[in-house]
Every structure is written in structure tokens, then in C-alpha cells.
Amino acid sequence: MSYPQTARWYTALLTCAMLLSSYAGAADKLAHVTILATGGTIAGSGATSTTTVGYTAATVGVDSLIAAVPELAKVADVKGEQVFQIASENMSNEHWLKLAKRVNTLLADPAVDGIVITHGTDTLEETAYFLDLTVKSHKPVVLVGAMRPGTALSADGPINLYNAVLLAASKEAIGKGVLVAMNDQIHAARDVTKTNTSTPDSFKTPELGMLGYIQGNKPYFYHVSARKHTADTEFDVSKLDALPQVDIVYGYANVSPVALNALVAAGAKGIIHAGVGDGSLATPVKAGLVAARKQGVLIVRSSRVGQGIVARNGEANDDELDFVASDTLNPQKARILLMLALTRTSDSKQIQRMFYTY
Ligand code: SIN
């Protein structure tokens with residue numbers, strides 16, 4: 001072989017070696033993301049491709065979810081774990097404790113960079129807020145679901161899962177609290193809510209605003225949640241096997257105190273009152289709440305309206321009644337904060353402080 005030929009071969013070999021090592025380097029640099037699967041529509045299947053309601057949730061396992069999106073391998077080194085296989089209306093306090101402990105164990109491992117949790121959309125916002133208050137890490141935790149089963153023409157699960165993994169693998173998501181990735185948008189766990197029974201754009205953060213978008217394989221953040229979360233909260237569930245019973249009582253015209261009284265008799269340690277307007281209390285229910293408070297039950301005034309602050313000492317004299325105002329938390333999220341608050345204290349002033357902190 002002539003000298004120029006040898007030089008060409010040598011250059012080609014060197015280029016191949018460099019390409020191979022840069023490919024291996026890139027693979028090494030991929031973030032390690034664990035997907036914890038819990039069920040829901042993202043793991044659901046329907047009878048036909050046009051079945052978008054009336055399908056069965058929680059039928060497909062985590063390995064199939066991952067296999068359906070081979071593009072995941074380009075954005076993260078992904079592992080899957082099936083923690084539950086349920087429709088999310090069956091999510092319970094016990095499921096949450098188990099999930100929070102698993103997330104905390106995984107995130108304490110230096111080999112795990114982020115977590116994605118696949119979840120039914122019906123209670124996704126609640127699980128997200130529970131984890132926002134109990135995960136002890138600044139590493140990314142992203143919840144994701146789908147409004148359409150994987151068998152539907154318009155299945156949104158694959159792109160939502162891809163975006164969630166991309167987000168959990170990103171540096172941008174570190175320290176932002178527990179996030180929800182749905183419909184190309186990023187939301188904060190505290191403020192996001194499901195707003196439509198069936199359309200793919202159901203998850204919104206009205207008024208307070210979503211945090212950002214995922215577009216072109218990149219997360220873009222524009223806001224952060226101002227409330228304390230994750231490693232900066234005072235809640236620790238590591239040694240808990242149960243949470244105090246807290247229930248929600250709904251306000252409406254012609255309301256009676258029957259439901260409230262039954263819940264208190266059944267042992268509720270706290271009641272969230274989802275009042276009309278600014279958390280107003282109808283006279284017969286107010287009497288029941290005052291009696292319950294005298295028995296030691298913690299009362300939080302929330303609102304069924306969905307937006308705005310429930311003003312302390314606004315529609316009720318909370319100072320006098322020793323009630324707590326929910327700030328902007330919706331009733332289902334106020335229930336979560338009150339349960340966790342009751343694991344720390346039964347002092348209503350401390351609990352009010354927590355409602356203005358988290
Ligand atoms: C569920 O919440 O498990 C069913 C509904 C859904 O995931 O959209």
C-alpha cells in the first residue's frame with residue numbers, strides 16, 4: 001500500500017474510533033430516569049380505534065408502555081417499575097405513602113437522575129401535590145397521564161410519556177418541585193387541575209399559570225412556583241403507615257349538615273368545607289362545623305369555585321371560630337395539606353401558617 005493510501009486508511013480508522021467513542025460517551029451522558037407506572041388511561045385499552053370514552057384503564061404494563069415509545073432511548077436511560085395497576089379513582093392514602101417512600105428511596109440513589117410517574121388523570125393532580133410535599137429531593141419528578149387510551153386514533157400517551165421523560169432527564173427541571181407534563185405543557189403540582197372530563201387539553205393552571213412548554217425536544221420554563229416544596233417542606237412520611245382521616249363536605253343551595261355530621265361521627269380528624277363563593281358557610285352547616293371544632297376536629301374553609309384566595313376572616317370569622325382558610329388550594333389539595341399538617345401538629349395557627357407556605 002502506498003503512503004497516501006496508508007494515511008487515508010489510518011485517518012478513516014481514527015475517525016471511526018472517534019465517532020464510536022463519542023457515541024459511547026453520549027450514551028454514558030444520558031440521564032437515568034425511572035418510570036414508575038401506576039395505571040390509568042395512559043395504560044388503558046379500548047374496543048376500537050375510535051373508542052375515546054368507555055374504555056378500560058390500567059391494562060397495559062410498564063414494559064409495553066416503554067416499548068411503545070422507542071424514542072425514549074434517545075433522551076434517557078430508562079428503567080420501568082410497575083408500582084400499582086389501578087384506575088386513579090382508587091388511589092388511596094396508602095398508595096400515596098408507598099409511592100412517596102419508593103420515590104424517596106430511588107432519588108437517594110446517585111444513579112437515579114429523575115422519576116416519571118404514569119398515572120390516571122382523574123386524581124393525578126392530588127398525587128402530584130402529595131409528592132410535592134413529601135419528596136425529599138430536588139431531582140426532577142414528573143407525573144404524566146393520557147386522556148385517550150393507547151388504542152385510540154388520537155392517543156396522547158406516547159407523546160406525553162416522551163415529553164415527561166425528556167423533562168425528568170433535563171437540568172432545567174431540577175429544583176422546580178413536582179411537575180405535571182401533559183399536552184406539551186409543564187405545570188406545577190400545587191396549582192394544576194383537571195378541567196375537562198375528556199379532551200386532551202384537560203390539564204390547566206388557570207390564573208396562576210403553567211410553568212412552561214416542551215417543544216422541539218426541549219423544556220422551556222417561564223415561571224416557577226413561589227410556594228415551598230419537596231426537600232424544603234417540614235413533612236416526613238418515611239415512618240408513616242397511615243394518615244389522619246380528613247374528608248370533604250360540599251356546599252350547595254339547600255345543603256343540610258347530614259353528610260358533615262356523618263363524617264365527624266365516622267372519626268374525621270379534619271374537614272375541608274368546599275364552600276360556595278369565598279368559602280361561605282350555610283347556617284346549619286356552620287353550626288355543625290362549630291360543634292365539630294369544639295370536639296377537636298380541624299376545619300378548613302375552601303371553595304368550590306376553583307379560582308381565587310379564600311380570605312381569612314372574610315365570609316366567616318376564622319379567628320373567633322378557630323378555623324383555617326385554604327388560601328388558593330382547591331378542596332382536594334387542601335385535604336392533602338391538612339392530612340400532612342395533622343401529622344405534625346393540631347395547632348390551628350400552625351396549620352394556617354402551612355396553608356400560606358405550601
Ligand atoms: C384514571 O384516572 O385512572 C382514568 C382516567 C384517565 O386516566 O384519564
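This briefing covers the domain arrangement, the contact between the domains, the salt bridges and the annotated sites of one protein. The model is predicted. Two domains make up the division of the protein: domain 1 spans 32–232 and domain 2 spans 246–356. Their contact buries about 1,300 Å² and includes two salt bridges. UniProt annotations from an unreviewed entry mark T41 and T121 as "active site", and S88, T121 and D122 as "binding site".

**Domain arrangement and contact**

- Taken over C-alpha atoms, the centres of domain 1 and domain 2 are 29 Å apart.
- Domain 1 contributes 17 residues to the contact, and domain 2 contributes 15 residues.
- Of the area of about 1,300 Å² buried between domain 1 and domain 2, carbon and sulfur atoms give 54%.
- On the side of domain 1, the residues that lose the most area to domain 2 are Y129, R190 and R227, which together account for 36% of what that side buries.

**Polar contacts and make-up of the domain 1 side**

- Between domain 1 and domain 2 there are eleven residue pairs in polar contact, with both residues at pLDDT 80 or more.
- Two helices, α4 (93–107) and α5 (124–134), each supply at least two residues of the side of domain 1 that touches domain 2.
- The greatest contribution to that side comes from α5, with six residues.
- Sorted by class, the side of domain 1 that touches domain 2 holds eight nonpolar, six charged and three polar residues.

**Salt bridges**

- Side chains of opposite charge can pair when their charged atoms come close.
- The count of salt bridges comes to twelve, and the count between domain 1 and domain 2 is two.
- R190 and D327 form a salt bridge through their side chains, at 3.2 Å from N to O.
- This pair links distant parts of the chain, its residues being 137 apart.
- D327 sits in the loop between β14 (324–325) and α10 (331–342), whereas R190 sits in the loop between β6 (185–188) and β7 (193–194).
- R190 thus appears in two respects: it pairs with D327, and it is among the residues of domain 1 that lose the most area to domain 2.

**Annotated sites**

- For "active site", the unreviewed UniProt entry lists T41 and T121.
- These two positions are spread over 81 residues of sequence, yet they cluster in space, with a largest C-alpha distance of 7.4 Å.
- T41 is located in the loop between β1 (31–39) and α2 (62–67).
- For "binding site", the UniProt annotation, again from an unreviewed entry, covers S88, T121 and D122.
- The "binding site" positions span 35 residues of sequence and likewise cluster in space, where the largest C-alpha distance is 7.0 Å.
- T121, listed under both "active site" and "binding site", lies in the loop between β3 (114–118) and α5.
- The helix α5 that bounds this loop is also the element giving the most residues to the side of domain 1 that touches domain 2.

Terms used. Residues numbered from 1 in each chain as written. Predicted model: local features only at pLDDT ≥ 70, side-chain atom pairs only at ≥ 80, totals over all residues. Heavy atoms only, no water. Domains from an automatic or database assignment. Contact = heavy atoms within 4.5 Å. Buried area = accessible area lost by both parts, 1.4 Å probe. Salt bridge = Lys/Arg side-chain N within 4 Å of Asp/Glu carboxyl O. Polar contact = N/O pair within 3.5 Å; in protein donor to acceptor, adjacent residues only side chain to side chain. Helix = DSSP H or I, 4+ residues; strand = E, 2+ residues; numbered from the N terminus. Nonpolar A, V, L, I, M, F, W, Y, C, P; charged D, E, K, R; others polar. UniProt positions renumbered as here; feature names shortened; annotations may be inferred.
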